[in-house]
Amino acid sequence: SRRFRLKSFKALGGAYAVEKISKGNKDITVSTATAGKLTITSKGNIKVETPANYARTVTGTLTDNITGAVTETYGSTQDTTASGDITINGGPNINLN
């Protein structure tokens with residue numbers, strides 16, 4: 001299919017789409033560099049929704065730095081698989097219900 005006037009909507013197509021959508025919005029900065037790196041900086045909220053499945057594959061290290069509270073809601077089951085140890089560090093209480 002042809003989306004955003006591209007024959008293919010793969011990794012670069014996604015970057016192109018973000019660039020086109022954010023054009024003129026001073027609260028969103030999109031900068032791309034070599035080696036497939038994409039950096040998106042926002043002064044406001046960013047929301048990603050999809051009506052279908054969503055997969056994320058990281059072949060290196062994934063680091064999430066979050067300064068506010070985190071809420072995760074799963075409408076079904078969750079499976080977690082780790083080939084190494086799992087470490088959970090928290091405050092004085094970790095509640096499992």
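What follows is a short chat about a predicted model of one chain.

Colleague: Which secondary structure elements does the chain have, and how many of each?
Modeller: There is 1 helix, along with 2 strands.

Colleague: In what order do they run from the N terminus?
Modeller: The order is α-β-β.

Colleague: What share of the residues counts as buried?
Modeller: 5% of the 97 residues in the chain.

Colleague: And how much area does the chain expose?
Modeller: About 9,800 Å², with carbon and sulfur atoms supplying 49% of that.

Colleague: Contacts next. Of those between residues at least 6 apart in sequence, what percentage join residues at least 24 apart?
Modeller: 0% of them.

Colleague: Switching to pockets. What volume does the second largest pocket have?
Modeller: Its volume is about 180 Å³.

Colleague: Which residues line the second largest pocket?
Modeller: Val48, Glu49, Thr50, Tyr54, Arg56 and Asp64 form the lining.

Colleague: How many of those are nonpolar, polar and charged?
Modeller: The lining of that pocket splits into 3 charged, 2 nonpolar and 1 polar. The charged ones are Glu49, Arg56 and Asp64, and the polar one is Thr50.

How values were computed: Residues are numbered from 1 along each chain as its sequence is written. This is a predicted model: local features need pLDDT of at least 70, side-chain atom pairs count only at pLDDT 80 or more; totals for chains, interfaces and linings use all residues. Side-chain values use heavy atoms; hydrogens and water are left out. On a 1 Å grid over the protein atoms alone, a cavity is a set of points where a 1.4 Å probe fits but cannot get out, and a pocket is an open set with protein on both sides within 12 Å along at least five of seven lines; lining residues have an atom within 4 Å of a point. Grid points are joined across faces, edges and corners, and a volume is the space filled by probe spheres set on the points. Helices (H or I, at least four residues) and strands (E, at least two) are DSSP runs, numbered from the N terminus. Buried means under 20% relative accessible area, exposed over 50%, partly exposed in between (1.4 Å probe, protein chains only). Contact means heavy atoms within 4.5 Å. Accessible areas come from the Shrake-Rupley method with a 1.4 Å probe; for residues, only the protein chains shown count as cover.
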